[in-house]
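Student: I have a model to read. Can we go through the terms one by one?

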Amino acid sequence: MNIEHIQQKLAAGENVSVEFKECKVALNKDIYETVCAFLNRAGGEIFLGVKDNGEVTGIAPDKIDKVQKEFVTTINNANKLVPQSYLTIEPVVIGQLIILYIYVPPSSQVHRANNRIFDRNHDADIDITNNANLASQLYIRKQNTYTENRVYPFVTLEHDLRSDLIAKARRLAGVFNDNHPWLNLNDMELLQSMQLYQHDVAANQSGFTLAAILLFGKDSTILSVLPHHKTDAILRRVNLDRYDDRDTVKANLIESYERLMAFIGKHLPDPFYQDEAANRISLRDKIFREVVANILIHREYSSPYPAKIIIERDQVIAENGNRPHFHGVINPANFSPFPKNPVISAFFREIGRAEELGSGVRNLYRYTKAYSSGAEPQLMEDNIFKIVIPLDERLFIDDKLATTQATTQATTQADSEYLTQILLFCRTPKTRDEIQAYIKITHREYFRKHILKPLLLSGKLLLMLPDKPTSPKQKYYTNPGNSSL
């Protein structure tokens, strides 16, 4: 910590972003109100062991550890501060005295301390819980702050982003539009066109954004920027204390989507269903592409809360950190969609992995009723966004024989001479004809039944167009999470 900076703050006195607390032997109980107010306003600095007039009194030496531990323990208590914010408290020596310093960053969410909303006004913490106008203004201000646009000026295209993922995005966009503008842009032009390279006016610096890193970053880059970034996929149907299967996904959002959809496909049945036009539709994919897209696209990435998808006996639960625009159950009849990460959302729409804003919720309700024997999904907007998809146990009974047969067939085929050849060949997407020509099999039905289908059922091979399995533009690619290579 810079002592000169500390001394300047002490000399300037309390203001909208600086607070003094004497706390000589114990924490002031209103310190959490100040933390909440700083989080809700524009961040700030708290100095413990300092009187209101700026006089340094210090913390009693035998109480320093106690004060630090109490602060860290309480600030991580969900009953004290919601949503939680992980802060550090550092000792600083001023002359012969020790004070404690806390930096509170600005937050993109609305926080509550002791179930009350506080905002900062000059050098005071104001309870605005019952002031509808001020609380509304606070929510609006937070809604205009998007974490995805945070600029990282030292991230470079050459060293921190993956050119293969940019090329993959270009191919995916071209599948849906032969004249897509991305096809004629170089990598930098593509990223700029999607607002993934921006200028931070306040800091007067340009660079790639958090959205760019999440979409195209190398694993090491993503984890250096967001150490808490991960999505847990968990199957818990037999072993309820732990899990029956699990995939902890820490990859970029493009490959995260693929691995999560593969996990869903591995463990959930897909009953036969036809729409009004007698077209065969995968209910499972229709529903869970919305669930997976939501926890990736609309997550609040500044929140350390781990996103998760949990498959249980009678339901699937999806949760992710959130920046709520209200608190309560989402009703599709009066739901007004609001983009949480509009840049990431627009990118997923371009590559065909997300619907237009608002239509996803309607599809979720529509197809879940068909999938779950009339039961509706539950969507809860809060600091933790939650989706619950009910499951009908009969789905698993009806699907048991087919699943067993498919698993046996896929396992047998896993040792086939063709497995490694195909998975290596399909590291870049290939058509059915290209794969058949590569492994020199001309019999289409044999190839479909004994080679292609088992690879798809086992999750080793994935569809470029999961919603249109029979599309003439369909291509197949190797699951990035495949451990066979």
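The questions below take up the sheet, its helices and two helix crossings.

Tutor: Start with the origin: this is a predicted model. The chain has 17 helices and 20 strands. Of its 485 residues, 50% count as buried.

Student: What share of the contacts between residues at least 6 apart in sequence join residues at least 24 apart?

Tutor: That share is 64%. As for surface, the chain exposes about 22900 Å². Carbon and sulfur atoms supply 50% of that area.

Student: Now the strands. How do you know that β4 and β5 pair?

Tutor: Pairing needs at least two bridges. Strand β4, residues 89–94, and strand β5, residues 97–104, have six bridges. So they pair, and the sense is antiparallel. Within the ladder, V93 stands opposite I98 of β5.

Student: What lies between β4 and β5 in the hairpin?

Tutor: Two residues separate the strands. G95 sits in the turn, with a positive phi of about 65 degrees.

Student: How do you know that β2 pairs with β5?

Tutor: Apply the cut-off of at least two bridges again. Strand β2, residues 44–48, shares five bridges with β5. The cut-off is met, so the two pair, again in the antiparallel sense. One partnership here joins E45 to Y103 in β5.

Student: What is the strand order of the open sheet?

Tutor: The order is β1-β2-β5-β4, four strands with mixed pairing.

Student: What makes β1 and β4 edge strands?

Tutor: Each pairs on one side only. β1 covers residues 18–21. With direction ignored, neighbouring strands of this sheet are turned by 25 degrees against each other on average.

Student: Which helix touches β1, β2, β4 and β5, and how is its direction to β2 classed?

Tutor: Helix α1, residues 3–12, packs on the sheet and touches those strands. Its direction makes about 90 degrees with that of β2. Values of 65 to 115 count as roughly perpendicular, so α1 is roughly perpendicular to β2.

Student: And why is α2 called roughly antiparallel to β2?

Tutor: Helix α2, residues 31–40, lies across β1, β2 and β5. It runs at about 165 degrees to β2. Over 145 counts as roughly antiparallel, so the label applies to α2.

Student: What makes α2 "mostly covered"?

Tutor: Nine of its ten residues are buried. Buried means under 20% relative accessible area. Among the buried residues are Y32, V35, F38 and L39.

Student: Why is α11 called oblique to α13?

Tutor: Helix α11, residues 283–297, and helix α13, residues 359–371, cross at roughly 140 degrees. Their axes come within 9 Å. Roughly antiparallel would need over 145, and roughly perpendicular ends at 115. The angle falls in the rest, so α11 is oblique to α13. The crossing is left-handed. Residues in contact include F288 and V291 of α11, and L364 and Y367 of α13.

Student: What makes α10 oblique to α11?

Tutor: Helix α10, residues 253–267, packs on α11 at about 140 degrees. The axes are 10 Å apart. That angle is not over 145 and lies outside 65 to 115, so α10 is oblique to α11. This crossing is right-handed. The contact includes L260 and I264 of α10, and F288 and V292 of α11.

Note on methods: Residues numbered from 1 in each chain as written. Predicted model: local features only at pLDDT ≥ 70, side-chain atom pairs only at ≥ 80, totals over all residues. Heavy atoms only, no water. Buried < 20%, exposed > 50% of the residue type's maximum accessible area, 1.4 Å probe, protein only. Contact = heavy atoms within 4.5 Å. Areas by Shrake-Rupley, 256 points an atom, 1.4 Å probe, with all protein chains shown as cover. Axes fitted to C-alpha atoms, helices over the stretch in contact; angles between N-to-C directions. Parallel < 35°, antiparallel > 145°, perpendicular 65-115°, else oblique. Left-handed = near helix turned anticlockwise from the far one by under 90°.
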